Amino acid sequence: MAEVVIVPTPADAGALVADEIVRLVQSRPDAVLGLATGSTPLPVYEALRPRLDGIDVSRVRGFALDEYVGIDPQHPESYRSVITREVVEPLGLDPRLIHTPNGALETIAHAGEDYEAAIAEAGGVDLQILGIGTSGHIGFNEPGSSFASRTRVKTLIEQTRVDNARFFDSIDDVPMHCITQGLGTILRARHLFLLAFGEAKAEAIAGAVEGPVTASLPGSAIQLHEHVTVVVDEAAASRLRHADYYRYTYAHKPAWQGL
Ligand code: F6R
């Protein structure tokens with residue numbers, strides 16, 4: 001099962017994941033990172049900045065999980081812009097090596113296949129950062145998504161558009177469609193880090209970690225993966241039945257084991 005690490009604050013979670021990314025990049029300078037957008041991964045990117053100082057990141061590669069369909073890539077809330085602003089520029093990565101799915105309408109029919117081919121050509125994702133939506137989605141795989149799915153166009157559920165309206169002037173500006181890595185794509189990454197903070201994520205986390213494996217809660221797909229680290233604060237952990245066991249396990253983790 002997933003290893004669950006309960007930390008006091010999002011900043012602690014950021015530090016923990018950032019340390020792991022630094023170890024990866026030091027051992028593999030052309031590591032392939034799976035990048036998430038939204039609020040959840042921000043503490044990771046913030047913690048990475050000072051840690052990557054003096055480390056050669058010129059060969060680090062990256063693939064974002066998703067993008068809105070039909071959004072102008074220059075729009076400040078396109079995931080291309082978000083990844084550029086929050087990850088590529090502050091961390092000094094080479095923008096040519098950091099990819100987002102192409103949401104342009106003209107090429108959308110084969111954009112999913114193209115993205116899958118690019119990930120395969122890079123040799124797959126080494127470390128995937130994931131957030132989770134209140135609907136239980138990972139990437140933008142809304143409830144009902146196939147566990148075998150690859151990168152493709154999905155329709156956002158209303159709740160996700162409501163949740164993401166904070167990034168736009170109004171909910172009407174939140175695109176209806178997205179292009180997202182599939183659950184099958186995400187499951188092929190070598191190490192998954194699922195992060196969640198706050199009470200609003202507690203139910204989704206409990207379902208993903210301890211609930212039945214079901215397409216109705218896409219985050220539960222993590223139970224099918226052999227190397228998953230779930231990093232949550234106390235509020236997001238508040239509905240986990242075995243929280244005490246996770247704390248006990250982490251407190252007694254053998255030093256040699258690593259994450
Ligand atoms: C973002 C993504 C989504 C978010 C999720 C949580 O690339 O794929 O699954 O991780 O919607 O969003 P936040 O972190 O803003 O609560």
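Trainee: What makes the pair of T37 and the ligand a polar contact?

Mentor: A polar contact is a pair of N or O atoms within 3.5 Å. A polar side-chain atom of T37 lies 2.7 Å from an oxygen atom of the ligand, so the pair falls under that definition. The model is predicted: local features need pLDDT of at least 70, side-chain atom pairs pLDDT 80 or more, while totals for chains, interfaces and linings use all residues. Residues are numbered from 1 along each chain, and side-chain values use heavy atoms, without hydrogens and water.

Trainee: Which atoms of G139 and K201 lie by a ligand oxygen?

Mentor: For G139 it is a backbone N or O atom, at 2.6 Å. For K201 it is a side-chain N or O atom, at 2.7 Å. The protein buries 93% of the 400 Å² that the ligand exposes when taken alone (Shrake-Rupley method, 1.4 Å probe).

Trainee: How many residues surround the ligand?

Mentor: There are 14 (a heavy atom within 4 Å), and T40, D66, H137, G139 and K201 are the closest. The shell holds 3 nonpolar, 8 polar and 3 charged residues, with Gly counted as polar.

Trainee: Why does the radius of gyration of the protein chain agree with a compact globule?

Mentor: The rule, over C-alpha atoms, is 2.2 Å times the number of residues to the power 0.38. With 259 residues that gives near 18 Å, and the chain has 17 Å, so the two agree.

Notes:
Polar contact = N/O pair within 3.5 Å; in protein donor to acceptor, adjacent residues only side chain to side chain.
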